[in-house]
Amino acid sequence: FLMPYLSGITIYPVKSLDGIGLQEVSVLPCGALLNDRRWRLVDIEGDVVNAKKNVRFHAIRSTFHLEGAFSDSIKNLPHGQNMVTLSVDERFAAENLQGHCQETFPLLPGRDGPCEWLSEVLAEKVFLQERIDGGFPDDRDATGPTIISTESLVEVASWFGLTLNEARRRFRMNLELSSDENEKGMASQESIPASTLPFWEDALACPAAIDALENPESEYLVDLAPVSPKSFWLGSVGMCTRGICRRCVVPSRDSLTGVVFKDFQAIFEARRSHLLPVNVNARNWRDYFCLGLNTSIETISENKLKIGDQLCVGPPKSDA
């Protein structure tokens, strides 16, 4: 059978700016990943400023140098100072943005930080906010990392002629799971056989009743009684799904230019509903503009997630 494993880790230090690909990441006691959504931008009234509201975010390229972030290209900085390097993407057509040179700033509020540069590019006054313990998750009831399978990203990318990396940038998920051949199994845990089919991860959040699966009344099983989401382990971290991620307008835009793909949501929903796995109960979904899982952390026996960690279904161990 095919055993899912952690094949990608991405954090997004400042909400709506570029992410960082990591080889491993620390999990905070609250369930968030270290440095994920740790900073955000707000306007003078204190309202959040993000890519949903301001398309100019797509013009900004950002590279982060953060304490505690380990990747192939990013090393710890001396004295643990957190920095960001900002530039305007050359593919962005707005002429009034071309004069902004690449600059590096400490991730601090005030004149020493990136706020003035960002305010000019975004064409509105913005201020930097920081929350060290847990950041600013999109879903406050699901403070754990978001999860998606490679198989699902590949499928969605094919609908719109996107590359896999472009699909990753548009949907901005934290953890990517892939499937690989594994003959060893998992002792004392119920392994979850994945497949090369997309959206297999939906069954973790919205499983259909087993007795109904034996005699399905409809192709998509949308009328089945709800079943509790599954608890699972990813490496040494016990997790639980908190639902399917409902998407916003951002995935409909080119991640580097902001150009909108016409009828993106309509096409997405039509294909998504058609390919819904038969072991998934979508009765409580508001619509089919959903992709990936929201989670919370139940148990941490080691506080790191690492590339290669395997996924297995089962409640947290009593001795964890």
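This passage describes the overall make-up of a predicted protein model and then its aromatic contacts.

The secondary structure of the protein chain consists of six helices and 16 strands. Of its 320 residues, 53% are buried. Among contacts with a separation of 6 or more, 74% join residues that lie 24 or more positions apart. The exposed surface of the protein chain amounts to about 15400 Å², of which 49% is supplied by carbon and sulfur atoms.

Eleven aromatic pairs were found in a search of the whole structure. One of these is formed by Phe-160 and Phe-264, whose rings are stacked, with 4.1 Å from centre to centre and 20° between the planes. Phe-160 belongs to helix α2 (residues 150–160) and Phe-264 to helix α6 (residues 264–274); the pair therefore ties together parts that are 104 residues apart in sequence. Both Phe-160 and Phe-264 are buried.

Phe-264 also pairs with Phe-261. Here the ring centres are 6.3 Å apart and the planes stand at 75°, so the arrangement is edge-to-face. The two residues of this pair were assigned to separate classes of accessibility: Phe-264 has a relative accessible area of 2%, and because buried means under 20%, Phe-264 is buried. Phe-261, at 30% relative accessibility, counts as partly exposed.

These three phenylalanines, Phe-160, Phe-261 and Phe-264, are part of one aromatic cluster, which also includes Trp-159, Phe-171, Phe-199, Phe-268 and Phe-289. At Phe-199, a member of this cluster, the ring is accompanied by a charged group: the charged end of Arg-272 sits over the ring, 4.3 Å from its centre.

Key. Residues are numbered from 1 along each chain as its sequence is written. This is a predicted model: local features need pLDDT of at least 70, side-chain atom pairs count only at pLDDT 80 or more; totals for chains, interfaces and linings use all residues. Side-chain values use heavy atoms; hydrogens and water are left out. Helices (H or I, at least four residues) and strands (E, at least two) are DSSP runs, numbered from the N terminus. Buried means under 20% relative accessible area, exposed over 50%, partly exposed in between (1.4 Å probe, protein chains only). Contact means heavy atoms within 4.5 Å. Accessible areas come from the Shrake-Rupley method with a 1.4 Å probe; for residues, only the protein chains shown count as cover. Rings of Phe, Tyr and Trp (its six-membered ring) pair if their centres lie within 6.5 Å; planes under 30 degrees apart count as stacked, over 60 as edge-to-face and the rest as tilted. A charge sits over a ring if NZ of Lys or CZ of Arg is within 6 Å of the ring centre and within 35 degrees of the ring normal.
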